[in-house]
Each structure stands twice: as C-alpha cells, then as structure tokens.
Amino acid sequence: MLRFNHLWVFTLSLIFLLSSCIKNDLPYPRIPQAIREIACIGEESPAIIDSVNSTVTLRLLETTDIRNVRFASILTSPDAQCRPNLLEGSYDLSHPLVVTLSLYQDYPWIIKAEQTIERYLTVEGQIGTSTIDDVAHRVIVKVPESANLTKLQLTSIKLGPEGITTMVPDLQPGEINLSEPFTIDVSYHGQTEVWTIFAERTEQLVTTVAADAWSEVAWIYGSGPADGANTFEWRLETDPTWNVVPEADIVKEDGNFHVCLKNLTPLTDYRVRAVSGEEVGNELTFTTQATEQLPDADFNLWHKQGNIWYPYPEGGPDFWDTGNKGASTLGESNVVPSDYVPAGLSGQSAKLQTLFVGVFGIGKLAAGSIYTGRFDKIDGTNGILDFGRPWELRPTRLKGYFDYTTAPINYASTEYAYLKDRPDSCHIYIALTDWSAPYQIRTNPKNRQLFDPNSAEVIGYGELICGETTGGYREFTIDISYRSTSRRPRYIQITAAASKYGDFFTGGTGAVLYVDDFSLDYGY
C-alpha cells in the first residue's frame, strides 16, 4: 500500500513538472468585429456603415449640436466590447471619433458625422447667388456696377440652423449698407461665429457658368440679375442660327438659373450662351456622349456547370451574375432560364425564385436575384459578391418587362420579423455610381455589407417595388434621379430580386419573378 502511494505521488509530480514546461502557443482567434447598426438622436437619415473600411457616417439634422451628440442605440457583433460605451454621455463629432471593438483583439472603428446647414443671403438685383463660405464665415454678394452699396435692399438671410439661431445685430429684410464689410455675430448651441458680408460690383451681368453634356440631353447653368429675364440660346456648332430657350423652361433660384436641353444628338458638338434681356453672356461649347445598351440584357444566353446556371455563354463575357453559387451549396439553382417571355418577344427570360434550400429542415431562405457584377465566393452558407460593371454614360431610364407572383413571407430575420405573413415584394433597381472599384456585398450577418442607395458614391438611382401578383408580364419604366449633373459614373449597378429583403434572408417561399428585355433610355 505504501509503495502504491509513493508511485501515485511520483506520477502526479511528473505530470505537474511536464505541464509546467508546456507553453500555450495557440494564438487567439482573429474574429473581426463590426458595428451592424447604430443610431443617434437628431439624425437626418440612417447611418452609413462601411464594414470594409470600418467606418460609420452619421448624417445629422441641421439643428443637431454636432459637438454634443448622444447615441440612441448600437448593435455590434456578438460578444464584442465597445470602448468607449457610446450609450453613455455625449460626443463631439465635429471631428472623427475613434472607438474600439474588442474580442480577443482590438478592432478600431471611425465614426464621423456629416451635417449640412442651409445658409443664404440675398439682396435685390444681385447677380447670381451669393457665395457662402461656412469655414471662413464670409458672404460675398455680387451686384451691378450701377448699384448704390449704401442702400442695398436685403431680401432674405439665414446663416445658422432654423429656429435656434440668433444674430447681433438682428438683420431683417430691408435697407443695408454694404459699402464697407459688414460684420454680424451668429450664435447657436452656445457657440458664436463672426460672419462678414461683402458686396462686390461686377461689369458682367450674365454668365454662362457650365454645360454638363450627357448623351441626348445637356444641363446648362448660368447666372444673372435675380430679377432679370434670364434664359439661354443654343445652336449646333456648324449652324450659325441661335435657338432661344423659352423662359418657361428655365429653372430659377435667385440669380442662378439652369435648363435641361432635350432631344440632342449623341456625339455632336453644340454651342450655348446665357442671356438676360439685352445682355449676352460668354459662349461655351460641349460634345454630347455616345449611347450604349446593356450587354445580354435579353437574357437569352445561358450555360450550366454541374447544378449551377450562369446567365452568360460559356467562356463569357459575364456582365450579369446570380446568387446560384450560394444557393447550390444546399440545393439547386434558384435563378434559371425560362421559355416564358413577353408577347411579341422570343428567346428566353430569367426566372428568379425564392426557395428554402437545405435538407431535413436545416438550411436558409434563398431569394433569387440577378445583377450586374460577379459572385466572388462562398462564406459558409453566405455569399460575397462584387457589385457593378464599368460604365461612364448617364442613362435617364431603365425599361423592361417583369412578371411577379408574390407569396406570404414565411421566413424573416429578427430586424424584419414584423413582415411575417405579409405579401412578399419583388425589387428592381438601377444605380450609377462613382465607386473606385466594384462594391463588395457580404450577406453574412457577422460582417454584413449591403448596397445603400443613399451612399455618397451613388450618383443616380431609381427603383421598382411590386408586392402583388401581376398575372402576366408588365412593361416597366424606371426613371433615374441624379444627385449631380456633372459627376461622371464609373459603374452601373442593376439588380432584380424575387424578395426585396432577401439579403436579410427574409421572404416568402414560392415568390417568383420573371424579367426580360432590359434596355436604357438616354433622353427625356
């Protein structure tokens, strides 16, 4: 018995000795942590979350104190710790705020805020629109050479957020002396800014400011007397006769004015000039862009590899793609070619189906979708996609045909649980963007990144949403609304989906969308 005890003690000692020599060299796992949702008090629209660059952009109302922002909610990756705790206290977002998400390692995120405060100042008879410099706190108003600077008539002024701004002196519409720079204290949120107002005389009463040429239209901008008869004249470069734009077609904003010239010929040279009464401005020349149609937008060309259908011929080119690679991990392709086409057309269409893919009840909802871009790779049972194809032209409409059969939503994520049992909706949209590269889409909830039509990189956007069964093909037209007439796109993004919230694995099994014969218009 004593011998046994000695042996047992010796064994324990040996185990202890050996264990003390073993080092745990296994590294902690690297699991990138993300901000999934975030909201603050006084935001104008939902935050933009860029999980690729680990940034959040908040868009604030003009009345929100950007130096004293309180957060209303934040949702991060499970188990992540956020430092500082954004739900406690307030934060100065006049400059970027760095926060840290931690799980085994630290992952820095940057939160920044954007805020636009509408500011203006106008005087009677001014030329163009006043220049507002909200950094140097200066206002420059241009007036004719003949103007009496000591007795200008102030017609409007707003230099701070609506309803919470005080000015000393309290300027109101009426006579103002701008023969010398005029200073005014503008106060809001406990801060005071000293603004200076300048008046400048100008000999040039009317100016042709810019000509933004598209394919079949051109946007022309000018400035002139705010109370003048302002319009434009235009002609072909090879034609000596000027055409006058009817004044009813002119859009006016104080002394600035613009027009959309329509029914122009692609790849053609034109000349334009601004006119105000008898005054004629400088001349500008421009050349309209070409027109181009979408490749393979009749959806007639397909090939199949294994159980995966691809919406392009074998070997390419592959302008379009689908989520079939993701759906096929648990089942069959849910985007397939179909012989069902609109009346008068031939060939094939694209059939997009929302299905539950899996075995023995284990799987997930897969919403059929087709898009301009490329399916990059599979992330577990999720997908990573590259959205967008290179495109520099500016179409005005997307046209085509669709036939939709809705179904009750029987699968819903937590954030869309309230949609359960409601009719599903299909979604077709077009976006023109100035992304510097294809935009990566990730459907994995752990690091989700989806397309946001409100993103600053989106120049033009239009969409169609339908939540009813059409009972046959309908022809559709989607007008594209542009944020800027001068910004030139780099990519075009077109997506059609059988379930609008399919990226959130929310939809109704049995919803089916047929699409066919997409095309672009370039005129108005």
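Student: Where is Asn-263 found in this predicted model, and why is Asn-263 called exposed?

Tutor: Asn-263 is found in the loop between β21 (256–261) and β22 (269–276). Its relative accessible area is 70%, and exposed means over 50%, so Asn-263 is called exposed.

Student: What makes the phi of Asn-263 worth a remark?

Tutor: Asn-263 has a positive phi of about 60° although it is not a glycine. Most residues other than glycine have a negative phi.

Student: Which sign does the phi of Phe-299 have, and is Phe-299 buried or exposed?

Tutor: Phe-299, which is not a glycine, has a positive phi of about 55°, and its place is in the loop between β23 (279–287) and β24 (303–305). With a relative accessibility of 2%, set against a limit of under 20% for buried, Phe-299 therefore counts as buried.

Student: How do you know that Gln-449 counts as buried, and what does its side chain reach?

Tutor: Gln-449 lies in the loop between β35 (439–442) and β36 (458–466), and because its relative accessibility is 2%, where buried means under 20%, Gln-449 counts as buried. The side chain of Gln-449 reaches the backbone oxygen of Gln-440 at 2.8 Å, which is within the 3.5 Å that a polar contact requires. Leaving aside residues up to four places away in sequence, Gln-449 touches Asp-50, Ser-51, Val-52, Tyr-439, Gln-440, Ile-441 and Arg-442.

Student: Why is strand β40 described as largely enclosed by the rest of the structure, and how does it pair with β33?

Tutor: Of the 10 residues of strand β40 (residues 512–521), 7 are buried, so the strand is largely enclosed by the rest of the structure. Strand β33 (residues 397–405) pairs with β40 in the antiparallel sense over 8 bridges, where at least two are needed for two strands to pair; among the partners, Tyr-404 is bridged to Leu-513 in β40.

Student: What makes β2 and β5 edge strands?

Tutor: In the open sheet, 5 strands follow the order β2-β3-β7-β6-β5 with mixed pairing. The strands β2 (43–50) and β5 (81–83) each pair on one side only, and they are the edge strands. From one strand to the next, the twist averages 25°.

Student: How many bridges join β3 to β7?

Tutor: Strand β3 (residues 55–60) and strand β7 (residues 105–115) run parallel and are joined by 6 bridges, with Ala-113 in β7 as the bridge partner of Leu-58.

Student: Why is the peptide bond from Val-168 to Pro-169 called cis?

Tutor: The bond from Val-168 to Pro-169 is cis, with omega near 0°. Most peptide bonds are trans. Pro-169 lies in the loop between β12 (166–168) and β13 (174–176).

Note on methods. Residues numbered from 1 in each chain as written. Predicted model: local features only at pLDDT ≥ 70, side-chain atom pairs only at ≥ 80, totals over all residues. Heavy atoms only, no water. Helix = DSSP H or I, 4+ residues; strand = E, 2+ residues; numbered from the N terminus. Buried < 20%, exposed > 50% of the residue type's maximum accessible area, 1.4 Å probe, protein only. Polar contact = N/O pair within 3.5 Å; in protein donor to acceptor, adjacent residues only side chain to side chain. Contact = heavy atoms within 4.5 Å. Axes fitted to C-alpha atoms, helices over the stretch in contact; angles between N-to-C directions.
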